[in-house]
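Student: I have a structure here that I'd like to go through with you. Can we take it topic by topic?

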Amino acid sequence: MDRNDYYGAESASLNLTQFYNKFRPQDKAPESLGRDRDWNIDLIPKFMMANGEIVRFLTHTDVTRYLEFKQISGSYVYSGGKVSKVPATASEALSSPLMGIFEKRRMKSFLVWAEGYKDSDPSTHQGLNIDRNSMTEVFKHFGLAAGTQEFIGHAMALHLDDGYLRQPARDTVEKVRLYAASVLRYGKSPYIYPLYGLGDLPQAFARLSAVYGGTYMLNKDADELIYNEQGQVTGVRSGDETVNAKMVICDPSYVPNKVKTVGSVVRAICLLTHPIPCTNDSDSCQIVIPQNQVGRKHDIYIACVSDAHMVCAKGYYLAIVSTIVETDRPESEITEGLKLLGPIQDKFVHVSPLQEPIEDGTRDHVYISRSYDATSHFETVCDDVHDIWRRITGGPLILKKKENTEETE
């Protein structure tokens, strides 16, 4: 059940009419922007790591038969006042403008070590134990400068803040390996993105669910959850109709009394008529602005796609700048990101609450997801999927290899 008349709820892709109805209901979309159907504007843009968990979810469920993907052209980081490509391999590290000649060699040594580390082979460890040594100790071992540590932690391992430096190194090392493996899969960048926008993901799942007898209802309000005397959910009421259910899985907006607000995210959806400067004229890219580069506690993320991805009219680009809100002036917090975009034709800014469930759902059988965060990738969303599965079943989500796979596309 979905109260909206379009697929995807918070992470929908809207056409021009839907988009203007949401953000500027008093205005009509300018005719100069072209046809309604040429636009599929993501409300919350996120890219997929080519070797990441989200791709494993999609291929395992076979939903990929309904989707087409295109590679994102580049992955960049803002450092020292300019935008540079994130080096992902030892050879890229040697040609990166982010580092001096000696630092490049140290970065190469780190990447070779991270790639080659095997738990069972002490000769690959260089005296380090990634379950015991912190990431700070690993960086110190390789003599990496603060700027290099920053783009490894934030633009490759995609950590949200600097807390990872005090944690055991395994998580970061595995994330760096995932990033590098994802780059190697297609070259250029580690990210892929569905043609026609992220709204195609829920549509594809709706089609798949119909194959297995599921029903997807748009434009259907969930007015009330029905409970028994023990406080366990037994159904959902919509108008005069009630559907029975053993459990309810929903996002925070359907049960405001069962969630707590832990912050908010500011997003600016910007229409451009040119590629983002300093990105090699890319038709798409991600740029991470690490927190320390702009004196913040949270990174700023920029995701850019274009008509090459069937999300806007020919000649246009969509760039979305987002971050976690830290002050009472949210829009001013993304100024540094907006500056990198060059001339902006139009801008739509909105602030969304960051909410999470108060209880885990085992008592009342109402299992609530978390709000989408400010990141421009799906890794944190996948963590939430694993968490919901664990709460419902009591065990981990294990994607077993399918036995009779006829062909893999």
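Student: Where is Asp281 found?
Tutor: This is a predicted model, to begin with. Asp281 is in the loop between β12 (259-272) and β13 (285-289).

Student: And is Asp281 buried or exposed?
Tutor: Asp281 is exposed, because its relative accessible area is 64% and the cut-off for exposed is over 50%.

Student: What about the phi of Asp281?
Tutor: Phi is positive there, about 55°, although Asp281 is not a glycine. Most residues other than glycine have a negative phi.

Student: Tyr196 caught my eye too. What is its phi?
Tutor: Near 75°, so again a positive value in a residue other than glycine. Tyr196 sits in the loop between β7 (191-194) and α8 (200-211). With a relative accessible area of 39%, Tyr196 is partly exposed.

Student: Switching to salt bridges. How many are there?
Tutor: The count is 23.

Student: Let's take Asp364. Which residue does it form a salt bridge with?
Tutor: Lys258, with the closest N and O atoms 2.7 Å apart. That pair links distant parts of the chain, 106 residues apart. Asp364 is in the loop between β16 (346-357) and β17 (366-368), while Lys258 is in the loop between β11 (248-250) and β12.

Student: Are those two buried or exposed?
Tutor: Asp364 is buried, at 3% relative accessible area. Lys258 is buried as well, at 17%; the cut-off for buried is under 20%.

Student: Which residue does Lys260 pair with?
Tutor: Lys260 forms a salt bridge with Glu356, and the closest N and O atoms are 3.8 Å apart. Here the pair links strand β12, which holds Lys260, to strand β16, which holds Glu356, with their positions 96 residues apart in the chain. Lys260 is partly exposed, at 40% relative accessibility.

Student: And Glu333, what does its side chain meet?
Tutor: The side chain of Arg296, in a salt bridge of 2.8 Å, N to O. Glu333 is in the loop between β15 (317-324) and α9 (335-339), and Arg296 is in the loop between β13 and β14 (300-306), so the salt bridge ties together parts 37 residues apart in sequence.

Student: How accessible are Glu333 and Arg296?
Tutor: Glu333 is buried, with 6% relative accessible area. Arg296 is buried too, with 11%.

Student: Which residues are linked in a network of salt bridges?
Tutor: Asp119, Asp131, Arg170 and Glu174.

Student: Now the inside. How many cavities of 30 Å³ or more are there?
Tutor: One. The largest cavity has a volume of about 30 Å³.

Student: What lines the largest cavity?
Tutor: The lining is Pro45, Arg267, Ala303, Ile320, Ser322, Asp373, Ala374, Thr375 and Ser376. By type, four of those residues are nonpolar, three are polar and two are charged.

Student: Last topic, the surface. Which residues form a nonpolar patch there?
Tutor: Met1, Met217 and Val243, with about 240 Å² of accessible area together.

Student: Where is Met1 in the chain, relative to β1?
Tutor: Met1 is in the segment before β1 (13-14). Its relative accessible area is 40%, so Met1 counts as partly exposed.

Methods:
Residues numbered from 1 in each chain as written. Predicted model: local features only at pLDDT ≥ 70, side-chain atom pairs only at ≥ 80, totals over all residues. Heavy atoms only, no water. Patch = residues over 30% accessible without salt bridge, like charges linked within 9 Å, V, L, I, M, F, W, Y side chains within 5 Å. Areas by Shrake-Rupley, 256 points an atom, 1.4 Å probe, with all protein chains shown as cover. Salt bridge = Lys/Arg side-chain N within 4 Å of Asp/Glu carboxyl O. Helix = DSSP H or I, 4+ residues; strand = E, 2+ residues; numbered from the N terminus. Buried < 20%, exposed > 50% of the residue type's maximum accessible area, 1.4 Å probe, protein only. 1 Å grid on protein atoms, 1.4 Å probe; cavity = no way out; pocket = protein on both sides within 12 Å on 5 of 7 lines; lining within 4 Å. Points joined across faces, edges and corners; volume = space filled by probe spheres on them. Nonpolar A, V, L, I, M, F, W, Y, C, P; charged D, E, K, R; others polar.
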